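Please find below a colleague's note on the complex, written for a reader who wants the computed geometry set out point by point. The coordinates and sequence come first, and the comments come after them.

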There are 2 protein chains.
Amino acid sequence: MLTIGGLGKKTGTKVQTIRYYEQIGLMPEPDRTEGGQRRYSLAALDRLSFIRHARQLGFSLDAIRELLDLGDHPDRPCEEADQIARRQLKQVEQRLQRLEALRQELKRMVHECSGGRTADCRVLEVLRDHSECLTDHNEIGA
Amino acid sequence: MLTIGGLGKKTGTKVQTIRYYEQIGLMPEPDRTEGGQRRYSLAALDRLSFIRHARQLGFSLDAIRELLDLGDHPDRPCEEADQIARRQLKQVEQRLQRLEALRQELKRMVHECSGGRTADCRVLEVLRDHSECLTDHNEIGA
DNA sequence: GTACATCCTCTAGCAGCTAGAGGTTCAAGT
DNA sequence: ACTTGAACCTCTAGCTGCTAGAGGATGTAC
């Protein structure tokens, strides 16, 4: 039986975050000691590891919820899980494209700055005038 | 003199967002009609364009605030602006690296899924067991 | 028996918006 | 001059995914 702190250490999760996952129903309510402290089973450790790993791969908490549900029904076809992953992959690829365009733009900005007065700063100039951009970067590249 | 809606259209910004920028002091308080509606000058249009463009390039509102300050002092050296841009470039490059690693992992996951039952789903399996990963993806790739 | 690390709940905050309620103003058409 | 209706106003609350802090209780080791 793990304390919440122990579980946090094993999974690289802050204590508050674990409680937050419980609050939003992503982690089940664990057993408690007589004094009211949480004690976690190995199943909880597995589940949290899954969640954290999926987070690291950029899945949203909603997507993770779906994936966890699917994992609980081993006999259902796995198409859904596959689709969620494909969707995620697509998103990642789109973000990559946008970020790459941003990188180009920023690089150009920085390289053209020769270090004079701000009045002549290419960085500020480019920001002032979108038409100088080589790429369309219409969405935030985050 | 532009209405807030007109300004929004010209810059691709939602009306609420413009008011939000005003609230946090990124946009100055504009003139008002007798009835209390906002009316914007061309200077305001320039400023908002600058802000939106910088946002598209991924700068934080704080960074933008700094950049705007620098733009208001044309005689100061532009090193600072350059540094802000370099910092941003670095961040973008780091994100690109992480996202690329995630893409690999997701691609592998998806390709290995042969479409059976969830019990045998590679997607779920990989998520369950981090040790199957080829890459370290310790931070969220967002 | 006492120290003190860890736990508890609760509330509020972060970025950067976005949406809605409930009401007012402006400009165009008649 | 009057009416319509789109666009404006303020205010509050919500989104994601946590994170931090207050103020107090518990558990464990010595």
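The points below take up the overall form of one chain, then the protein interface, then the two DNA strands.

1. A word on the status of the coordinates comes before anything else: this is a predicted model, and every value in this note should be read as computed from that model.

2. The secondary structure of chain A consists of 6 helices and 2 strands, and reading along the sequence gives the order α-α-β-β-α-α-α-α. The two strands thus follow two helices and precede the remaining four in that pattern.

3. The overall dimensions of chain A depart from those of a compact globule, for which 142 residues would give a radius of gyration near 14 Å, whereas chain A has 23 Å. The C-alpha trace of chain A spans about 70 × 40 × 20 Å along its principal axes, and these extents may usefully be read beside the radius of gyration of 23 Å.

4. How many residues does each chain bring to the contact between chain B and chain A? On the side of chain B there are 56 residues in contact, and they meet 56 residues of chain A. Together the two chains bury about 5,000 Å², of which 71% lies on carbon and sulfur atoms.

5. Polar and charged pairs also occur across this interface, where 16 residue pairs of chain B and chain A are in polar contact, counting pairs with both residues at pLDDT 80 or more. As for the elements involved, helices H3 (42–56), H4 (61–71), H5 (79–112) and H6 (122–128) of chain B each supply at least two residues of the side that touches chain A. The largest share comes from H5(B), with 19 residues. By class, the side of chain B that touches chain A is made up of 29 nonpolar, 12 polar and 15 charged residues.

6. The rule finds 4 salt bridges across the interface of chain B and chain A, while the structure holds 26 over all chains. One of the interface pairs is B:Arg103 with A:Glu93, whose closest N and O atoms are 3.4 Å apart. A further pair is formed by the side chains of A:Arg103 and B:Glu93, with an N to O distance of 3.4 Å. Why does this second pair count as a link between chains? A:Arg103 lies in helix H5 (residues 79–112) of chain A and B:Glu93 lies in helix H5 of chain B, so the pair joins two chains.

7. Turning to the DNA, strand C is surrounded by 21 residues, the closest being A:Gly5, A:Arg19, A:Arg38, B:Thr33 and B:Arg55. Sugar and phosphate make up 79% of the atoms of DNA strand C that come within 4 Å of the protein. The surface near DNA strand C draws at least two residues from each of helix H1 (4–11) of chain A and helices H2 (15–23) and H3 of chain B, and H2(B) gives the most, with 4 residues. That surface has 4 nonpolar, 10 polar and 7 charged residues.

8. Several backbone atoms approach the phosphates of DNA strand C, among them a polar backbone atom of A:Gly5 at 2.6 Å from a phosphate oxygen. A backbone N or O atom of B:Gly35 lies 3.0 Å from a phosphate oxygen of the strand, and for a polar backbone atom of B:Leu61 the corresponding distance is 3.3 Å.

9. Which residues are closest to DNA strand D? They are A:Thr33, A:Arg55, B:Gly5, B:Arg19 and B:Arg38, out of 21 residues that surround the strand. Sugar and phosphate account for 80% of the atoms of DNA strand D that come within 4 Å of the protein. Helices H2 (15–23) and H3 (42–56) of chain A and helix H1 (4–11) of chain B each supply at least two residues of the surface near DNA strand D, with H2(A) giving the most, at 4 residues. The residues of that surface divide into 4 nonpolar, 10 polar and 7 charged.

10. The phosphate contacts of DNA strand D include side-chain atoms, since a list of them would name A:Tyr21, with a polar side-chain atom 2.9 Å from a phosphate oxygen. A polar side-chain atom of A:Arg55 lies 2.7 Å from a phosphate oxygen of DNA strand D, and a polar backbone atom of B:Gly5 is likewise found 2.7 Å from a phosphate oxygen of DNA strand D.

Note on methods: Residues numbered from 1 in each chain as written. Chains lettered and ligands numbered in written order. Heavy atoms only, no water. Contact = heavy atoms within 4.5 Å. Buried area = accessible area lost by both parts, 1.4 Å probe. Polar contact = N/O pair within 3.5 Å; in protein donor to acceptor, adjacent residues only side chain to side chain. Nonpolar A, V, L, I, M, F, W, Y, C, P; charged D, E, K, R; others polar. Near = heavy atom within 4 Å. Rg over C-alpha atoms; globule rule 2.2 N^0.38 Å.
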